[in-house]
Amino acid sequence: MSEKRFMRRAIELAREAAERGDNPFGSVLVHDGEIVMEDSNRVATEDDVRRHPELNLAHLAVREYDPEVREEMTMYTSTEPCPMCAGGMRYAAFERVVYATSGRDIAAFTGHEPGVRASEILDGVTEVEGPLHREEALALHESVW
């Protein structure tokens, strides 16, 4: 199933981010069954708080694709988008976002309070689904945090 392949790629990108010295977050943007963009977290290595993969992909997609195309796109992401990323994704207006592990799961690893859920921010604009491959994503976070 292609959904599993897309999520595995997002988790692989998250693993690459961790190996590079960034927090383990990765995302792919899919249109018509093909990955059209992908990114991983680069907040630490680029010293830029905006370099969350979900926010960066939303930014690039708004620049490169018409709204009608973005409405047909799905973002697969290793972790539920944070409020900042979900805000950018709301503007991009993708059809769906599918995450591997929730913000609440990550809060348990980091000790931070969980933020506003992506589904609340994206309500009425983008369908939010997850978790998908939760255990694999949790194992990655457990190895890093």
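# A walk from the cysteines to the salt bridges

Start by selecting Cys-82: with a relative accessibility of 24%, this residue counts as partly exposed. On this tour, buried stands for under 20% relative accessible area, exposed for over 50%, and partly exposed for what falls in between, using a 1.4 Å probe and protein chains only. You are looking at a predicted model, in which local features need pLDDT of at least 70 and side-chain atom pairs count only at pLDDT 80 or more, while totals for chains, interfaces and linings use all residues. Numbering runs from 1 along each chain as its sequence is written, and side-chain values use heavy atoms, with hydrogens and water left out.

**Stop 1: the cysteines**

How many disulfides does the structure hold? The count is 0. Cys-82 takes part in none, and its nearest cysteine sulfur, that of Cys-85, is 3.6 Å away. A disulfide here is a pair of cysteine sulfur atoms within 2.5 Å. Now select Cys-85: its closest cysteine sulfur is the one in Cys-82, and 3.6 Å is too far for a bond. Unlike its partly exposed neighbour Cys-82, Cys-85 is buried, at 0% relative accessibility.

**Stop 2: helix α4**

Next, colour α4 (83–92). Helices (H or I, at least four residues) and strands (E, at least two) are DSSP runs, numbered from the N terminus. Which residues of α4 are buried? They are Cys-85, Ala-86, Gly-88, Met-89 and Ala-92. These residues lie on the same side of α4, because they cover an arc of only 160° around the axis; the arc is taken from the directions running from the helix axis to the C-beta atoms.

Show the surroundings, and you will find these buried residues packing against α2, α3 (67–70), β3 (74–79), β4 (96–101) and α6. Contact means heavy atoms within 4.5 Å. Step just past the end of α4 to see Ala-93, which takes a positive phi of about 60°.

**Stop 3: the nonpolar cores**

Now select Leu-29, Met-75, Met-89, Phe-94 and Leu-122, the residues with the most contacts inside the largest nonpolar core, which has 15 residues. The elements giving two or more residues to this core are α2 (53–64), α4 (83–92) and α6 (118–121). A nonpolar core is a set of buried Ala, Val, Leu, Ile, Met, Phe, Trp, Tyr and Cys residues joined through side-chain atoms within 4.5 Å.

Centre the view on Met-89. Leaving out residues up to four places away in sequence, Met-89 touches Glu-54, Ala-58, Met-75, Pro-81, Phe-94, Val-97, Leu-122 and Thr-126. Another core, of 13 residues, lies apart from this one and includes Val-30, Ala-100, Ala-137 and Leu-140.

**Stop 4: helix α5**

Move on to α5 (residues 103–110), whose buried residues are Asp-105, Ile-106 and Ala-107. Their packing partners are β3, β4 and α7. Gly-111, just after α5, has a positive phi of about 85°.

**Stop 5: Asp-22**

Select Asp-22 in the loop between α1 (2–20) and β1 (26–31). Is Asp-22 buried or exposed? Its relative accessibility is 3%, so it counts as buried. Display its side chain, which reaches the backbone nitrogen of Ala-44 at 2.7 Å. That is a polar contact, a pair of N or O atoms within 3.5 Å; within protein, one must be able to donate a hydrogen and the other to accept it, and residues adjacent in sequence count only if both atoms are side-chain atoms. Beyond four places in sequence, Asp-22 touches Ala-17, Asn-41, Arg-42, Val-43, Ala-44 and Thr-45.

**Stop 6: salt bridges**

The last stop has 14 salt bridges to explore, each a side-chain nitrogen of Lys or Arg within 4 Å of a carboxyl oxygen of Asp or Glu. Try Arg-8 and Glu-136, whose closest N and O atoms are 4.0 Å apart. Arg-8 lies in helix α1 and Glu-136 in helix α7 (residues 134–144), so this pair ties together parts 128 residues apart in sequence. Both are partly exposed, Arg-8 at 43% and Glu-136 at 30%.

Within α1, select Glu-12 and Arg-9, which sit 3 residues apart, about one turn of the helix. Their closest N and O atoms are 2.4 Å apart. Glu-12 is partly exposed, with a relative accessible area of 37%.

Finish with Asp-39 and Arg-51, which meet at 3.0 Å, N to O. Asp-39 is in strand β2 (residues 34–40) and Arg-51 in the loop between β2 and α2, 12 residues apart. Both Asp-39 and Arg-51 are buried. As a parting view, select Arg-9, Glu-12, Glu-16 and Glu-38, joined into one network by salt bridges that share partners.
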